[in-house]
Amino acid sequence: QVQLAESGGGLVQPGGSLRLSCEVSSPGTLASFYSVGWYRQAPGKQRELVATIRNPGYIDYADSVQGRFSISRDYGKKMILLQMNNLKPEDTAVYYCNVASLGEPRDEYWGQGTQVTVSS
């Protein structure tokens with residue numbers, strides 16, 4: 001089965017940086033997934049896409065984080081990384097790691113989430 005474990009959240013001042021990590025436990029490699037990515041949910045709002053990588057390597061970012069966040073994969077460690085720079089108070093949310101399987105219908109898996117708070 002697939003299990004995801006996020007880490008790296010915390011409290012940071014506006015303009016600061018954080019790096020989120022998602023460790024993927026699964027029978028196959030990261031390349032065996034259709035997509036890997038990060039979503040976030042702020043209080044009172046719906047969960048939204050932050051960044052995703054779709055096989056073979058297409059990367060999409062939410063407009064609100066374009067140019068500030070960077071998503072990457074570490075195949076050797078089976079980790080999905082999200083580097084977040086120039087953080088803003090509106091980036092405050094619980095961040096969730098997500099993977100989707102190949103084939104139809106796609107199975108999706110979620111981590112438990114990690115809190116990111118941007119505040120002075």
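Let me start with a turn: strand 4 and strand 5 form a hairpin with six residues between them, and glycine 44 in that turn has a positive phi of about 75°. Strands here, like helices, are DSSP runs numbered from the N terminus, with at least two residues of E for a strand and at least four of H or I for a helix.

Before going on, a word on the model. It is a predicted one, where local features need pLDDT of at least 70 and side-chain atom pairs count only at pLDDT 80 or more, while totals for chains, interfaces and linings use all residues. Residues are numbered from 1 along each chain as its sequence is written, and side-chain values use heavy atoms, leaving out hydrogens and water.

Back to that hairpin. Strand 4 and strand 5 pair in the antiparallel sense over six bridges; pairing means that DSSP finds at least two bridges between two strands. Within this pair, tyrosine 39 stands opposite leucine 49 of strand 5. Strand 4, residues 33–41, also has strand 9 as an antiparallel partner, with eight bridges joining them. There, serine 35 has alanine 100 of strand 9 as its bridge partner.

So what does the whole chain look like? How many helices and how many strands does the chain have? Zero helices and 11 strands, so the pattern along the sequence is simply β-β-β-β-β-β-β-β-β-β-β. The radius of gyration is 14 Å, close to the 14 Å that the globule rule gives for 120 residues, so the chain is as compact as a globular protein of that length. That radius is taken over C-alpha atoms, and the rule is 2.2 Å times the number of residues to the power 0.38. Along its principal axes, the C-alpha trace spans about 45 × 30 × 25 Å.

Of the 120 residues, 41% are buried, where buried means under 20% relative accessible area, exposed means over 50%, and partly exposed is in between, with a 1.4 Å probe and protein chains only. Among contacts between residues at least 6 apart in sequence, 54% join residues at least 24 apart; a contact means heavy atoms within 4.5 Å.

Now please turn to the second hairpin, strand 7 and strand 8. Six bridges join strand 7 to strand 8, residues 79–84, and the two run antiparallel. Serine 72 stands opposite leucine 81 in strand 8.

Which side chains of strand 7 point to the buried face? Phe69, Ile71 and Arg73 do, whereas Ser70, Ser72 and Asp74 point to the other face and are not buried. I like this one as a textbook picture: in a regular strand the side chains alternate between the two faces of the sheet.

Four residues lie between these two strands, and lysine 78 there takes a positive phi near 55°. Lysine 78 is not a glycine, yet its phi is positive. Is lysine 78 buried or exposed? Buried, because its relative accessible area is 18%.

Lysine 78 also leads us to strand 3, residues 18–25, which holds serine 21 and glutamate 23. Glutamate 23 touches Gln3, Leu4, Ala5, Lys78 and Met79, not counting residues up to four places away in sequence. The C-alpha atoms of glutamate 23 and alanine 5 are separated by 5.2 Å, although the two residues are 18 apart along the chain. At 44% relative accessibility, glutamate 23 counts as partly exposed. Serine 21, at 10%, counts as buried. With neighbours within four places left aside, the contacts of serine 21 include Ala5, Trp38, Met79 and Leu81.

Last stop, the backbone oddities. Most residues other than glycine have a negative phi, and most peptide bonds are trans. Besides lysine 78, have a look at asparagine 86, whose phi is positive at about 50° although it is not a glycine. Asparagine 86 sits in the loop between strand 8 and strand 9 and is partly exposed, with a relative accessible area of 41%.

Where are the cis peptide bonds? One joins asparagine 55 and proline 56, with omega about 5°, and proline 56 lies in the loop between strand 5 (48–54) and strand 6 (58–61). Another joins glutamate 104 and proline 105, with omega about -10°; proline 105 is in the loop between strand 9 (93–101) and strand 10 (108–110).

Thanks, everyone, and happy to take questions.
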